[in-house]
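Reader: I would like to know what the labels on this model rest on. Please set each one against its definition.

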Amino acid sequence: MERLVIVSNRVPDPTELQQPAGGLAVALADALRMEKSSLWFGWSGQISEQQNGDGLHSVTADRTTYVTTDLTRAQHRGYYQRYSNGIVWPLFHYRAGLMDYSRTDWEAYRAVNRMFAEKLMPLLRPGDTIWVQDYHLFLLAQELRALGATCPIGFFLHIPFPPWSLFRALPFATDVLKAMASYDQIGLQTREDAYNLNECFRITRIEASGRAFPIGIDPVSFAEEAITSAESPEARRLQASLRGKPLIIGVDRLDYSKGLEERFLGYQQLLRRFPEHRGNVTYLQITPVSRGEVEEYRLLRRKLDEVIGRINGTFSNVDWTPIRYLTHPIPRPLLAGFYRLADIALVTPLRDGMNLVAKEFIAAQDEADPGVLVLSDMAGAAPELPEALLVNPHDPDDTADALHRALKMPEDERRARWKMLDNVVRTTTAGSWARDFLAALRGQTEPRM
Ligand code: GDG
């Protein structure tokens with residue numbers, strides 16, 4: 001029987017899948033609904049030094065079996081914190097200067113990819129298709145093939161892929177490319193990412209290629225959630241506190257790729273250069289803390305506290321605070337309602353694979369009175385969403401100009417722009433993304449003997 005096997009670094013708790021907090025989990029939950037039977041394999045999120053038996057935990061819900069393994073403290077540090085998040089993440093977001101490399105991290109990364117393959121191999125059966133997710137597992141197909149796996153194996157990269165001139169700064173860059181060639185299908189977010197990867201293959205003379213499969217959301221259910229939740233007591237409290245003045249919203253994991261400091265400076269420029277908006281607009285930034293154990297993220301948090309403190313200190317008065325800043329996650333339905341109440345979404349990453357917040361904001365709008373999306377030109381979503389107000393996120397004055405324009409935009413222009421954006425969000429969805437990728441993977445691979 002056909003079965004889909006998903007492998008990702010973290011496996012969501014099936015009880016949370018109804019309301020997952022991240023883009024990857026939402027999109028894949030949709031993919032799983034289309035399958036007759038599936039297995040989801042990866043890290044449990046737990047650290048333990050000793051494992052009994054095969055060390056696997058297993059739970060089944062809704063035709064999907066979730067099988068997880070713990071990591072040891074050393075594996076977690078070397079494979080996850082250091083190689084994946086301390087080396088690949090910054091480099092692939094074009095921040096080579098933030099890479100912090102040591103040879104032992106690469107060894108830990110290889111060892112955990114091998115350990116995943118060894119634990120997954122006995123669970124595989126004829127008819128399986130494996131779909132591996134993201135930069136933690138570049139080497140998995142190569143390891144599985146070495147153990148004799150013959151089924152189709154695909155890979156999707158959720159983050160950008162940098163050009164060769166940057167990629168080559170990755171220690172063991174060519175080994176990573178060679179390992180990627182063991183996948184039968186490689187998916188990337190944008191054509192630019194696919195171009196960059198294919199150039200790397202060409203330059204190193206490795207026979208392989210990748211293609212763009214832009215990821216999306218489930219716009220119908222998200223819009224329904226937004227309509228219901230905009231009427232909830234919490235959303236009404238937010239609305240009442242605005243006293244009829246416009247709301248700008250930002251929603252991002254706390255991460256240096258999201259361009260938060262530059263964005264706050266852009267908002268500061270709006271208040272400086274266009275004094276009419278002082279006291280007449282509110283900016284709500286929701287930024288759940290992530291990767292708090294990594295030094296770079298702790299420093300970023302302190303920096304943002306400082307910048308926000310300075311802006312609020314300079315411009316606040318007794319009954320108005322320019323930036324409201326939340327660092328705890330809020331429930332997904334409420335987030336949908338907040339997007340619907342907002343007049344502007346400020347989405348200005350310095351680099352982003354896609355950025356689902358931009359698509360969620362569009363899906364949540366009221367078609368009679370939609371808000372305006374201010375979007376970084378550097379987000380993977382930008383080529384798909386050209387009717388947004390596109391900005392260079394490094395230039396605070398560009399952001400300030402776009403905010404001013406959005407605050408002044410006539411209703412008919414807002415509606416016309418939103419209509420075109422909404423069409424895209426409703427066409428390229430999480431479901432179509434998974435369907436297209438799996439059709440390409442299953443369609444193009446001959447069974448290996
Ligand atoms: C990676 C790539 C790519 C955020 N705060 C809260 C909350 N969120 C949700 C958002 C959205 C998700 O988290 C974030 O997705 P993004 O796409 O914006 O960014 P990453 O987490 O960096 O995701 C990215 C994505 O993978 C998918 O391929 O688009 O480029 O970096 O869904 O709504 N959710 C809740 N509370 C919050 O406070 N419930």
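Author: Tyr 94 is placed in the loop between α2 (73–92) and α3 (103–120). This is a predicted model, in which local features need pLDDT of at least 70 and side-chain atom pairs 80 or more, while totals for chains, interfaces and linings use all residues. Residues are numbered from 1 along each chain as its sequence is written, and side-chain values use heavy atoms, with hydrogens and water left out.

Reader: What makes α2 and α3 the bounds of the loop that holds Tyr 94?

Author: Helices are DSSP runs of H or I, at least four residues, and strands are runs of E, at least two. The run of α2 covers 73–92 and that of α3 covers 103–120, with Tyr 94 in the loop between them. Its phi is near 65°, a positive value in a residue other than glycine.

Reader: Where does Asn 355 lie, and what is its phi?

Author: Asn 355 is in the loop between β12 (344–347) and α13. Its phi is near 95°, again positive in a residue that is not glycine.

Reader: How many residues surround the ligand, and which are the closest?

Author: A residue is near a molecule if one of its heavy atoms lies within 4 Å of it. The shell around the ligand has 25 residues, and the closest are His 158, Ile 330, Asp 352, Met 354 and Glu 360. Both α12 (332–341) and α13 (356–364) supply at least two residues of the shell.

Reader: How do you know which contacts of Ile 330, Asp 352 and Met 354 with the ligand are polar?

Author: A polar contact is a pair of N or O atoms within 3.5 Å. From a backbone N or O atom of Ile 330 to a ligand nitrogen the distance is 2.6 Å, and the side chain of Asp 352 has an N or O atom 2.5 Å from a ligand oxygen. For Met 354, a backbone N or O atom is 2.8 Å from an oxygen of the ligand. Each pair therefore meets the cut-off.

Reader: Why is the ligand said to lie between domain 1 and domain 2?

Author: Domain 1 (3–216 + 430–444) and domain 2 (219–427) both give residues to the shell, so the ligand lies between them. The domain bounds come from an automatic or database assignment.

Reader: What makes β3 and β4 paired strands?

Author: Two strands pair if DSSP finds at least two bridges between them. β3 and β4 (residues 64–71) have 6 bridges and run antiparallel, so they qualify. One pair facing each other is Ser 58 and Val 67 in β4. They belong to an open sheet of 8 strands, β3-β4-β2-β1-β5-β6-β7-β8, with mixed pairing. β3 (56–61) and β8 (210–212) each have a single partner, so they stand at the edges with one side lacking a neighbour in the sheet.

Reader: What is the pairing in the sheet of 6 strands, and in which order do they come?

Author: The pairing is parallel, and the open sheet is ordered β11-β10-β9-β12-β13-β14. Its edges are β11 (323–326) and β14 (389–391), each with a single partner strand, so one side of each has no neighbour in the sheet. Inside it, 5 bridges join β9 (residues 247–251) to β10 (residues 282–286) in parallel; Val 251 has Ile 286 of β10 as its bridge partner.

Methods:
A polar contact is a pair of N or O atoms within 3.5 Å; within protein, one must be able to donate a hydrogen and the other to accept it, and residues adjacent in sequence count only if both atoms are side-chain atoms.
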